[in-house]
Amino acid sequence: ATMAEAKPVHEGGCLCGNIRYQFSGDPLATAICHCKHCQRQGGSAFSIVTVVPSAAYAQQGDSKIYVDTGDSGQPVYRHFCGDCGSPIVSLVAAMPGVTIVKAGTLDDPSWLQPTQEVYCCNALPAVPHFAGTTRAQGAN
């Protein structure tokens, strides 16, 4: 029998360092989200998110949680650092079993390649299309 190849471990954290996290393996998806909620939470034109299996995600440090409402009408639990305000992850009730990591909090996000853009109906006109992505006006 051959040994299984070790899964890569990716680490990240908030601006002040009180929250640290890691996940193992490759993400299920990486996307650019232009929704108004990501724009407001991140204070920017869009958010880069990477979707990972919840079982692969581990966090040290306590996050505060803002309970938002998604398009489905179900809750979106937006975790953030209560000290520095960095958004860390979102847990979407309509998408059980996955954790949506805010990619800007990764120590090294350079390996990520977004493959889709969502909520393009809210994209700022000055933001160009990202190379290699498919674009959806709404969530899907």
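Strand β1 (residues 9-13) pairs with β2 in the antiparallel sense, over five bridges. Within this pairing, Val9 stands opposite Ser24 of β2. Six residues lie between the two strands of the hairpin, and Gly17 takes a positive phi near 90 degrees there. It should be said at the outset that the structure described here is a predicted model.

The cysteines come next. Cys16 is partly exposed, at 38% relative accessibility. The cysteine sulfur closest to that of Cys16 belongs to Cys14, and the two are 3.7 Å apart; a disulfide calls for sulfur atoms within 2.5 Å, so this pair is too far apart for a bond. Cys121 is likewise in no disulfide, the nearest cysteine sulfur being that of Cys120, 7.7 Å away. The count of disulfides in the model comes to zero.

The main sheet offers a good way into the rest of the fold. Eight strands make up an open sheet with mixed pairing, and their order is β6-β7-β8-β9-β4-β3-β10-β11. The edges are taken by β6 (64-69) and β11 (134-135); each has a single partner strand, so one side of each is left without a neighbour in the sheet. The partner of β6 is β7 (residues 75-80), and these two strands pair in the antiparallel sense over six bridges. One of the bridges joins Asp68 to Val76 in β7.

The loop between β6 and β7 holds Gln74. With a relative accessible area of 36%, Gln74 is partly exposed. Beyond residues up to four places away in sequence, Gln74 touches Asp68, Thr69, Ala93 and Ala94. Ala45, which is 29 residues from Gln74 in sequence, lies 24 Å from Gln74 in space, C-alpha to C-alpha.

What of the interior: which residues have the most contacts inside the largest nonpolar core? They are Tyr21, Phe23, Tyr57, Ile88, Val101 and Leu106, in a core of 13 residues. Both β2 (20-24) and β8 (87-92) supply at least two residues of this core. A second core, of seven residues, lies apart from the largest one and includes Ala31, Val49, Val51 and Val92. Returning to the largest core, Tyr57 is among the residues with the most contacts inside it. Leaving aside residues up to four places away in sequence, Tyr57 touches Tyr21, Gln22, Phe23, Val52, Ile88, Val89, Thr99 and Val101.

Strand β8 also contains Ser90. Is this serine buried or exposed? Ser90 has a relative accessible area of 5%, and is therefore buried. The contacts of Ser90, again without residues up to four places away in sequence, are with Val76, Tyr77, Arg78, Thr99, Ile100 and Lys102.

Lastly, there is the second largest pocket, which encloses about 270 Å³ of space. Its lining consists of 15 residues, and Ser47, Ile48, Lys102, Ala103 and Gly104 are the ones nearest the centre. Two or more lining residues come from each of α1 (36-42) and β4 (47-53). The most is given by α1, with three residues. Lys102, one of the residues nearest the pocket centre, is also a contact of Ser90.

Definitions and conventions: Residues are numbered from 1 along each chain as its sequence is written. This is a predicted model: local features need pLDDT of at least 70, side-chain atom pairs count only at pLDDT 80 or more; totals for chains, interfaces and linings use all residues. Side-chain values use heavy atoms; hydrogens and water are left out. Two strands pair if DSSP finds at least two bridges between them. Helices (H or I, at least four residues) and strands (E, at least two) are DSSP runs, numbered from the N terminus. Buried means under 20% relative accessible area, exposed over 50%, partly exposed in between (1.4 Å probe, protein chains only). A nonpolar core is a set of buried Ala, Val, Leu, Ile, Met, Phe, Trp, Tyr and Cys residues joined through side-chain atoms within 4.5 Å. Contact means heavy atoms within 4.5 Å. On a 1 Å grid over the protein atoms alone, a cavity is a set of points where a 1.4 Å probe fits but cannot get out, and a pocket is an open set with protein on both sides within 12 Å along at least five of seven lines; lining residues have an atom within 4 Å of a point. Grid points are joined across faces, edges and corners, and a volume is the space filled by probe spheres set on the points.
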